[in-house]
Each structure stands twice: as structure tokens, then as C-alpha cells.
Amino acid sequence: MKHVIVGTAGHIDHGKTALVRALTGIDTDRLEEEKRRGISIELGFAHLELGPELRLGFVDVPGHERFVKNMLAGAWGIDLVLLVVAADESIKPQTREHFDICRLLGIRRGLVALTKADLVEAELVELVRLEIEEFVRGSFLEGAPIVPVSAITGQGLDELKAALASVAAGTPEKDATRHFRLPVDRAFRLHGFGTVVTGTLISGTVAREDQVEAHPARRRLRVRSIQVHGQPVVRARAGQRTALNVIGAEPQEVPRGTVLTAPDLFHAVTVFDARLELLASARPLKNRAPVHFHAGTAEIQAEVRLLDGSEVLQPGETTWARIVLREPALLLPGDRFIIRLFSPVTTIGGGSVVDIKPRRYRREERPGERLSVLASGALTETLSLMVREAHYGMAVQEVIARTGWMPAEVEQKTGQAGLILIRQAEPWLVSETLIESAVENLRNVLEQYHRAHPLKPGIPKEELRNRVLPRAPGFLLDCVLNRAPDVIAEAETVRLATHRVELQAEEQRALAAIERAFETAGLAVPAPAEVLAQSGIDAARARALLELLLRQGRLVRVGEDLVFHASAIERLHAMIAARRGQRFGVAQFKEWTGVSRKYAIPLLEYLDRERVTRREGDLRVVL
């Protein structure tokens, strides 16, 4: 079944609520004050099935100018508008304001109900019809059906239903394959159930027992049960008026303006860049002007900063703007919004969100060039721009959080955007250009390192990362190494494949002398500094030769300043192994080895680390 949300719009007392009641049999005025005063104050909801394949959900909005903010909370999720104009009054101020709001919100489908047709002569009905045609000319309602009706006599109701079915048939459904988002327009406590929140499900689906996250508070909730148009369901999908019984919050903790999403997916923002349109009927808007900001079901005080360098936005003009919110709101690129003046409180403009992580522009930059790419909706170009701006790339999860795209969309466009997808625990996107540049830089660094340190097998991996990709995630170096077949990574050392440690004659003699000094010393070895000082070469090269012997396993480092020949350590292992199961102390170990305490303690600690012995109090046991 196709689900379409129909929103009413129009001036106060033009018969919106009466018309919805006549169409659906449901009275949307639920508050006692609404019934007493005979006007709608809050949003009302009803539904109508037009055949087995189409269900309309009605959002009935208040028409009084004092309650336009409530109207805005209901208008954001509608798919088509039912503009209501009374035949006895024609077009009035809130008719115009509601119509402007619908246009600014990007609504593309609708029709007009010419109500109270029973109260005036046919000639006046026709005159008002002509006025309406003139009013909507050039807008999304140009050519839309205009149906004279009477909620009292039933005149035209069948024709209106047929027109609704026709327009709804050509109205795209909300996308249930996207991420789940539900702006809350009402929260209350129901006896025996607890907290219930309602709203129009604008994308995705939600099922019983799902975990959801309430923004901007980031509160985690569990969905206990779901109703759609008063009927219990297992799952609700985009385009349906939905009521969720949730566990984890009181009604006041999920007020109107809250947005429910899947957990750990999105985050609320207080600053974003947008494409902003100022109505032709508005007064000029100054840079940094305070406004009322409306998006979804939220109303927040905000400030408008013009990004084109001008100090005033003229009526009818469109520009790039930065919106600074006093409170955080969950927004995604493409979301529509409305701005209203503080005094008098009237609608003056609106637009669409472009970038929820805006950058700081330098004086010489033109923000419009960058924002035009982001606003174009071209996924490939937008993805490429965002990742390149991040320099070392960004997590796929961050891309989703900033755009609302699906993971499959991101992966599909990776190659076309000139990006590489690195599949880590957290999938990561990086520019191919960056990796290619890093590969070239890597080779240069290795060449310089080998020239400066010819006796070393290669550069430590961490040092290489700091030189080639400073402050980058560690796995990026692995990606670079994979793109460089002429570079070899051995454990934590990296070298060019052509690099070999080649000793000069004097270095070979020094190497032999260093090894011989430790070999002949047995377990009573001299300090490494003493051995190196007698090697016959400069200190730097001597240290490099010592490290070479250690890497080759011909020497073994037991302590910070204690090095033994491998043969001495092997004899020590054999001697200790012959005493398996025996307990002994330090004095006994000194007798066995003939060494002083200076060597005994470090050697015993080494044997403990090697799991040859285990310390038990003041004794050790041979394992």
C-alpha cells in the first residue's frame, strides 16, 4: 500500500478541520480549548484509505497567525499540500504565508479546495477560482485541481477525493530504504504504557524492540510497541504517521523538536551552511540578523551570517549563508528550513541545508564555489571534495553522518571519486592522489635514510610514518607500503628492496673485534661502551655494528647496558635446563655461574622473562 502524507494549509476559519472531518470522519481538534474557541491550535491527524493501494495521512494545521509555528511543525513531513481557500473570503494573509512556507519547504505536489462553496453564488465561486489560479501561477500549484466543496452539504467531496487520489498517485513516496528518521511532533504519557511519541516517519523503517537515539540529547531508547493510524504494527515505514511507545525517557525528555534515529549514526549541530532565499515580500535582511529557525518539528533561535561578503540580503534574492543556532538540531544536507522574523513574527524566507560541518573560509576564498558542489547533489563530486578536504581521509561512518548516505552508495562511488577504500575495523576513505604522493615521498625518505645510515637495515616504521604521514592514522602507512612494490617492510623496519648492509674492510674488522670481545668474556662481560671505544672506528658506526650483531642474534641484550654473546647465553640455558624442577637462590646461582651479583640479578630476571625460571619469593624454580 502506498502511504502519502497530506498537509492542510490556509487561513484561519477557512474550514480546514471541517473539511478533513468531512473527508475522513475524524475530528482533528482534540483539545478542549480548540473545541471551545472553534479554532485549531495544535496539529491534528487523520487518515483516509482511497482504495486498497492508497492510504492518505492528513496533518491538519492551525491557520491562526499566532500558531504558524505549530503549522511549521506539521508541514515539514508532508508529501502534498491541500491548500484550503474559503469561497466567501478568497485569499487572506495566512493563505499567502502558508503557501510561501510550502514552496520554501520544497513541496512539489498539491491541489486546492475551494471551501464553503454552499455559502456564495456560483459566480463568486468562479471569481475566487480565477483569483486562485492567478495566485498560484508560476508555482508548483499551477495547473493543480481546484475543487469547490462544502463540508456541510457534502458538495464536491467525491470530486475532491478523486483529485486527491490522482495527485497522490503521482507523488513519490518517502524512501523506506534510507536511514530511519522520525521528527517528534508530540510526546505524552499513556496510562499503562508510559511514554508515547508521534511523528511522520520521513525515511527508513522502525520495528518493535529496536534501539533508537533521541537527538539532540543523544538519549538511547527502546521501542516497545508501534501504532500506525491507531493500529498496532510490527514495523512502521517511511511515509506513515507513526506512534512509538518508548522506554528510556519521560515525555518532557523527548519534546517536540526531538528527532529519533538509529543509534550512533548522526549527531546534532549548531552551525551549518545553507542556500537561503529571502521572500520578495520580506524586508531586507541584515548580516547577523536574529531569526526564528524552523526545521523538522524544531523551533530554535538563530543568527544568519551572509557568506557572500554583503551586509544586506535584498527581498527576492538567494545567497549562501551560515546559520548559527542557539541550540543543537539534527540536520542533514538537503533538509529544508524556514526562517521568521522576531518582530513582527512573520515568515521571511527559507532554504536548504548544504554543509553541516562548515569550514572556516579565508578572506580570498569564494564559499559559493565549494558550496555549489555540495549543493549539487552529485554524490561523486561531493564525496571527493569532503575526503580531499580531510587531507588524510575520513571514516566511511563520518561520511554517512555528514550526508545521510547509505554505506553501499559510498562504496559504489569510491573509485569514481578517485578514492581508495581501506577496509579496517572502521572502513576509511583516502584520496588516491594523496597515496601516490606519499609513495613518492616514501621512496625519497628511504633513499636519504639509507645514505645517512648505511649500516642500518632500514628505518623504524614509526619514524617513517612521522616523516611521510605525520599525525595520520597508522594504517595509512600500510596502504602506502602496499602501493610501493620496491619497498620492503620487515617487522617494524622498512627499507628499499635494493638496500643491503655492506661493510667496508675496517668495519668488518671492527665487527669481528666487537663480537670477539663479548664472546671471550663469557658471562662477565664488559660494558658495551668500553667494547665500542676499542673497536677502532668512530662511535656512530661502532654503535651501528653493535645493533647489527644484536639483530643477527649473535649478541643478546639482557639489560639496558648489559650485552652477552649468544654462545654464552646458550651455555647458560643448557646449564639451567639440567636442573629442571630445582629451587635455588641468588647465592647458589652465583656459585653455578661464577659471576658477581652485578651480573647475576639481570641474568636471573632475563631467565624469568624467557620463562626458563619462575620466581617464588626469595627463591626461583627451574621450569
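User: Which residues form one aromatic cluster with F99?

Analyst: This is a predicted model, in which local features need pLDDT of at least 70, side-chain atom pairs count only at pLDDT 80 or more, and totals for chains, interfaces and linings use all residues. Residues are numbered from 1 along each chain as its sequence is written, and side-chain values use heavy atoms, with hydrogens and water left out. Rings of Phe, Tyr and Trp (its six-membered ring) pair if their centres lie within 6.5 Å; planes under 30 degrees apart count as stacked, over 60 as edge-to-face and the rest as tilted. The cluster that contains F99 is completed by F135 and F140.

User: How many aromatic pairs does the structure hold, and what is the angle between the planes of F293 and F337?

Analyst: The structure holds eight aromatic pairs. F293 and F337 form a tilted one, 5.4 Å centre to centre, with an angle between the planes of 35°.

User: How many residues apart are F293 and F337?

Analyst: Helices (H or I, at least four residues) and strands (E, at least two) are DSSP runs, numbered from the N terminus. F293 lies in strand β19 (residues 289-295) and F337 in strand β23 (residues 336-340), so the pair links distant parts of the chain; the separation is 44 residues.

User: Is A568 buried or exposed?

Analyst: A568 lies in helix α17 (residues 566-577). Buried means under 20% relative accessible area, exposed over 50%, and partly exposed in between (1.4 Å probe, protein chains only). Because its relative accessible area is 3%, A568 is buried.
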